[in-house]
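Q: Please take a close look at one part of this model, the protein surface that faces the DNA. Which residues and helices make up that surface, and how do the two protein copies share it?

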There are 2 protein chains.
Amino acid sequence: MRGLAERLRERGLKVTPQRMAIYRTLCETTAHPTAETIWEKVKEEFPAISFNTVYTTLGILERTGLIQRLHVGENVAHYDADISPHVHLCCERCGRVRDLHKAEVDLKDVADSIRARTGYAISKIELNLYGICPECLQ
Amino acid sequence: MRGLAERLRERGLKVTPQRMAIYRTLCETTAHPTAETIWEKVKEEFPAISFNTVYTTLGILERTGLIQRLHVGENVAHYDADISPHVHLCCERCGRVRDLHKAEVDLKDVADSIRARTGYAISKIELNLYGICPECLQ
DNA sequence: TGATTAGATAGTAATAATTACTGTATGAGA
DNA sequence: TCTCATACAGTAATTATTACTATCTAATCA
């Protein structure tokens, strides 16, 4: 969990306490939170921080490639500090989003073969599955 | 392109001219339009139709499983009358969404194996790739 | 075929998510 | 320390989606 500030600086981003808190919060969770959830968490440390700052900062982090914005679920955006291509499993009942890193499908291979077949310059791949998780099934 | 009305009736939906026009419009394109685009098209036939009718009708068709709502792109919803699981290729420059049916990956197999490994009851699978299409690359 | 009724349409309003704008404050480099 | 580009907080504007209501119409049955 070290070197977060360096990563910001590498992309030409200023290192501010608020920005660090937002980035660190996302790095420390695997829950794929929304901007609102991150805001709640960061407010514990910075009670005066505005939702807008959290929202725009997440947008900046995404555009510089430090985090990933997920289109899972219905309308709200979810965020993920893990930028490696991996599978997302979304439970339609409890809403939780689970990662699947060691899936049979290697998404890198998938992207490569599709690139070769179609001529697209592929920059991002999203594999989202929706269903009911084992816990909710009981 | 026949039997559209029957499909509506099977799901307990009333067959109205507007609804038919919306569904038919989506069936006749492979462009994955937004609600707004579909509205523009249907207005040629029904100038008085409201955007709201188009929007809510698309929601009904999706909830009854006749069409598919895609989370590709940024914020707006896209729709697809092809409800088989298939890959979507989104060009980040021209915005077009292309289908990939004969991809190496059989999404049904992917869903089945993930189901077996995780215990999820998977109901929907989305594989979206983003990049630049060959046309835009030139 | 005509009356009945649940559901569809058109129109508008409300909610929610995202983006834009502005004055002040602050990190980074000279 | 000084300067400047950028971040922050607050608010406003835009856009997407959902909710509501009064009419209207497709489907069912007498």
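A: What follows goes through the surface near each DNA strand and then the relation between the two protein chains. The model is predicted.

Around DNA strand D there are 26 residues, and those closest to the strand are Gln18(A), Ser50(A), Thr53(A), Val15(B) and Ala77(B). Both chains are therefore represented among the closest residues to strand D, taking a residue as near if its C-beta atom lies within 6 Å. Three helices each give at least two residues to this surface: α2 (17-27) and α4 (51-63) of chain A, and α4 (51-63) of chain B. By class, the surface near strand D consists of 10 nonpolar, 11 polar and five charged residues.

DNA strand C is surrounded by 25 residues, of which Val15(A), Ala77(A), Gln18(B), Ser50(B) and Thr53(B) come nearest. Here the helices that each supply at least two residues are α4 of chain A, along with α2 (17-27) and α4 of chain B. The surface near strand C divides into 10 nonpolar, 11 polar and four charged residues.

As for the two protein copies, a turn of 179° with a shift of 0.0 Å along the axis lays chain B on chain A, with an RMSD of 0.1 Å. This is the relation of a two-fold axis. Both copies use the same surface, and 100% of the contact residues of chain B recur in chain A. Within chain B, the residue that comes closest to the rotation axis is Leu127(B), with its C-alpha at 2.2 Å.

Technical notes
Residues are numbered from 1 along each chain as its sequence is written. Chains are lettered from A and ligands numbered from 1 in the order in which they are written. This is a predicted model: local features need pLDDT of at least 70, side-chain atom pairs count only at pLDDT 80 or more; totals for chains, interfaces and linings use all residues. Helices (H or I, at least four residues) and strands (E, at least two) are DSSP runs, numbered from the N terminus. Ala, Val, Leu, Ile, Met, Phe, Trp, Tyr, Cys and Pro count as nonpolar, Asp, Glu, Lys and Arg as charged, and the others, Gly among them, as polar. Copies are superposed by least squares on the C-alpha atoms of residues with pLDDT of at least 70 in both. Two residues are in contact if their C-beta atoms, placed from the backbone, lie within 7 Å.
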